[in-house]
Amino acid sequence: MVALAANLSMMFNEYPFLERFGAARDAGFDAVEYLFPYEHPADVIGARLQQHALSQALFNLPPGNWDAGDRGMAALPDRQAEFRASVDTALTYAAATGVKRVHVMSGLASRQDPRARATYLDALRFACDRAATAGLDILIEPINGRDMPAYFLNDFNFAASIIAELGRPNLKLQFDIYHRQIIHGDVLTGLKSLFPLIGHVQIAAVPARHEPGSGELDDFRVLRALDELGYRGFVGCEYRPANGTLAGLGWRDNLN
């Protein structure tokens with residue numbers, strides 16, 4: 001059975017952020033992920049994980065000014081000094097939490113802009129080389145244009161071509177089942193063909209991004225396919241509970 005990680009940015013929002021760790025453990029989760037930990041000191045986050053015997057599955061590099069509309073900086077030519085500093089910030093949190101993989105958001109830019117593409121490649125080279133010294137993987141995730149218009153990395157085939165071009169052994173694909181269905185469909189075929197590149201998986205029902213099993217896909221068939229493929233990483237539960245986190249956790253019973 002797949003190993004689930006509660007996404008604390010979307011789940012357990014009934015609690016303040018630092019209390020979500022204990023709530024996730026009480027609800028039966030062994031691991032957590034979230035978008036960003038940076039509002040709290042790294043040692044505080046690490047202490048919460050240790051206190052509740054939780055593994056840290058994933059978090060993102062600092063995205064820039066999220067409230068002002070930033071969605072990452074890796075493809076933004078005029079933000080590279082800030083991006084490089086953000087890599088070091090993330091590595092500090094990685095050391096405190098024991099996480100083995102971090103996600104680099106590309107930012108809002110056109111894939112047809114050669115300067116943005118070159119900047120993105122350079123940023124990933126830098127991030128991969130810095131992360132390798134700490135034994136970490138760098139993940140890139142295609143995000144659909146409905147949820148995040150103008151996002152640079154909005155295609156799984158493009159992501160695969162970037163990974164192949166850079167040839168860094170610690171550059172992996174973050175395969176979000178929700179985004180895959182919206183961008184391309186053909187989820188099972190995509191999982192099988194891209195499986196050698198996958199470093200992390202996330203799930204939410206399409207189209208409303210609620211609990212798995214509540215949308216148009218047979219999410220449980222998809223999760224069984226991951227098992228059959230031999231996936232041994234975490235599956236991040238990056239969904240918005242429809243009617244409260246605890247009330248919606250019954251979907252996990254279908255995994256047994």
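A residue counts as buried when its relative accessible area is under 20%, and as exposed when that area is over 50%, with partly exposed in between. Keep this definition at hand during the tour, which goes through a predicted model.

**The whole protein**

Begin with everything displayed as a cartoon, in which you can look for eight helices and eight strands. The radius of gyration of the protein is 17 Å, close to the 18 Å that the globule rule gives for 256 residues, so the protein is as compact as a globular protein of that length. If you turn the C-alpha trace to look along its principal axes, you will find that it spans about 45 × 40 × 35 Å. Of the 256 residues, 55% count as buried. Among contacts between residues at least 6 apart in sequence, 75% join residues that are at least 24 apart.

**First stop: Phe 12**

Select Phe 12, which is found in the loop between strand E1 (3-7) and helix H1 (20-26). Is Phe 12 buried or exposed? Its relative accessible area is 1%, and because the limit for buried is under 20%, Phe 12 counts as buried. While it is selected, look at the backbone too, where phi of Phe 12 is near 60°, a positive value in a residue other than glycine.

**Second stop: helices H2 and H3**

Next, select helix H2 (residues 42-51) together with H3, and look at how their axes come within 8 Å and cross at roughly 30°. The two helices are therefore roughly parallel to each other, and their crossing is right-handed. To see where they meet, show the side chains of Ala 42, Asp 43, Ile 45, Gly 46 and Leu 49 in H2, and then those of Thr 92, Tyr 93, Ala 96 and Thr 97 in H3. The residues of this contact divide into five nonpolar, three polar and one charged.

**Third stop: Ala 90, inside H3**

Stay with helix H3 and pick out Ala 90, which lies in it. Ala 90 is buried, with a relative accessible area of 1%. Which residues is Ala 90 in contact with, leaving aside its neighbours within four places in sequence? They are Tyr 38, Phe 59, Leu 61 and Pro 62. For one of these partners, try the distance tool of your viewer: Ala 90 and Phe 59 are 31 residues apart in sequence, and their C-alpha atoms are 8.6 Å apart in space.

**Fourth stop: helices H3 and H4**

Now keep helix H3 (residues 80-97) on the screen and add helix H4 (residues 114-132), which packs against H3 at an angle of about 25°, with the axes 10 Å apart. That angle makes H3 roughly parallel to H4, and H3 passes H4 in a right-handed crossing. On the H3 side, the contact is made by Gln 80, Phe 83, Arg 84, Val 87, Asp 88 and Leu 91, while H4 contributes Thr 119, Ala 123, Phe 126, Ala 127, Arg 130 and Ala 131. Colouring these residues by type should show that they divide into seven nonpolar, two polar and three charged.

Before leaving helix H4, select Asp 129, which is found there. At 41% relative accessibility, Asp 129 counts as partly exposed. Its C-alpha atom lies 31 Å from that of Phe 21, a residue from which Asp 129 is separated by 108 residues in sequence.

**Fifth stop: the loop between E7 and H8**

Move on to Pro 207, which lies in the loop between strand E7 (198-203) and H8. The peptide bond that leads from Val 206 to Pro 207 is cis, with omega near 15°. Arg 209 is found in the loop between E7 and H8 as well, and it has a positive phi of about 65° although it is not a glycine. With a relative accessible area of 6%, Arg 209 is buried.

**Last stop: helices H7 and H8**

Finally, select helix H7 (residues 187-194) and helix H8 (residues 219-229), which pack at an angle of about 20° with their axes 10 Å apart. That makes H7 roughly parallel to H8, and H7 passes H8 in a right-handed crossing. The contact is made by Val 187, Leu 188, Leu 191 and Lys 192 of H7 and by Arg 221, Val 222, Ala 225, Leu 226 and Leu 229 of H8. These residues divide into seven nonpolar, no polar and two charged.

Note on methods:
Residues are numbered from 1 along each chain as its sequence is written. This is a predicted model: local features need pLDDT of at least 70, side-chain atom pairs count only at pLDDT 80 or more; totals for chains, interfaces and linings use all residues. Side-chain values use heavy atoms; hydrogens and water are left out. Axes are lines fitted to C-alpha atoms, for helices over the stretch in contact, and angles run from 0 to 180 degrees between N-to-C directions. Helices (H or I, at least four residues) and strands (E, at least two) are DSSP runs, numbered from the N terminus. Angles under 35 degrees count as roughly parallel, over 145 as roughly antiparallel, 65 to 115 as roughly perpendicular and the rest as oblique. A crossing is left-handed if the near helix is turned anticlockwise from the far one by less than a right angle, and right-handed if clockwise. Contact means heavy atoms within 4.5 Å. Ala, Val, Leu, Ile, Met, Phe, Trp, Tyr, Cys and Pro count as nonpolar, Asp, Glu, Lys and Arg as charged, and the others, Gly among them, as polar. The radius of gyration is taken over C-alpha atoms; the globule rule is 2.2 Å times the number of residues to the power 0.38. Buried means under 20% relative accessible area, exposed over 50%, partly exposed in between (1.4 Å probe, protein chains only).
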